[in-house]
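Biologist: Please give me a close look at the inside of this model. Start with any salt bridge on the way in, then take me through the core.

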Amino acid sequence: MKIICNPNAENDFSFMRLCGCAAAVANALPVIKDAADVRLAAENGEGVVELLDSLSREDAGL
């Protein structure tokens with residue numbers, strides 16, 4: 001099982017280290033985007049939707 005986090009600020013660094021995958025939304029701080037495994041094109045909640053859509057497509061083999 002892999003845990004995915006959605007960080008956006010410096011206080012999320014420890015959370016990022018614990019997760020298997022860090023996906024940063026477009027409006028996350030630059031330092032967070034640099035450290036993230038995945039950079040999303042959308043901001044805020046729309047970025048989370050982008051991530052979930054992508055994961056659903058991958059899981060469904062689309």
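Modeller: Sure, starting with the charges: Arg-39 pairs with Asp-34 in a salt bridge, their closest N and O atoms lying 2.6 Å apart. For a salt bridge I ask for a side-chain nitrogen of Lys or Arg within 4 Å of a carboxyl oxygen of Asp or Glu. Searching the whole structure turns up 1 salt bridge. Arg-39 and Asp-34 are both exposed; that word is for over 50% relative accessible area, buried is for under 20%, and partly exposed is in between, using a 1.4 Å probe and protein chains only.

Some ground rules: this is a predicted model, where local features need pLDDT of at least 70 and side-chain atom pairs count only at pLDDT 80 or more, while totals for chains, interfaces and linings use all residues. Numbering runs from 1 along each chain as its sequence is written, and side-chain values use heavy atoms, with hydrogens and water left out.

Now inside. The largest nonpolar core has 12 residues, among them Cys-5, Cys-19, Val-25, Leu-40 and Leu-51. Its biggest share, 3 residues, comes from strand β2 (residues 21–24). By core I mean buried Ala, Val, Leu, Ile, Met, Phe, Trp, Tyr and Cys residues joined through side-chain atoms within 4.5 Å; strands are DSSP runs of E, at least two residues, and helices are runs of H or I, at least four, numbered from the N terminus. In soluble globular proteins, nonpolar side chains tend to be buried together.

Two core members are cysteines, so you'll want to know about bonding. The whole structure has 0 disulfides. Cys-5 is in none, its nearest cysteine sulfur being that of Cys-19, 3.6 Å away. That 3.6 Å is too far for a bond, because a disulfide needs the two cysteine sulfur atoms within 2.5 Å. Both are buried all the same: Cys-5 has 2% relative accessibility, and Cys-19 has 11%. Beyond its neighbours within four places in sequence, Cys-19 is in contact (heavy atoms within 4.5 Å) with Ile-3, Ile-4 and Cys-5.

Val-25, another core residue, sits in the loop between β2 and α2 (30–35). At 4% relative accessibility, Val-25 is buried. Again leaving out neighbours within four places, Val-25 has contacts that include Asn-6, Pro-7, Lys-33, Leu-40, Gly-47 and Val-48. Asp-53 is 28 residues from Val-25 along the chain, and their C-alpha atoms are 14 Å apart.
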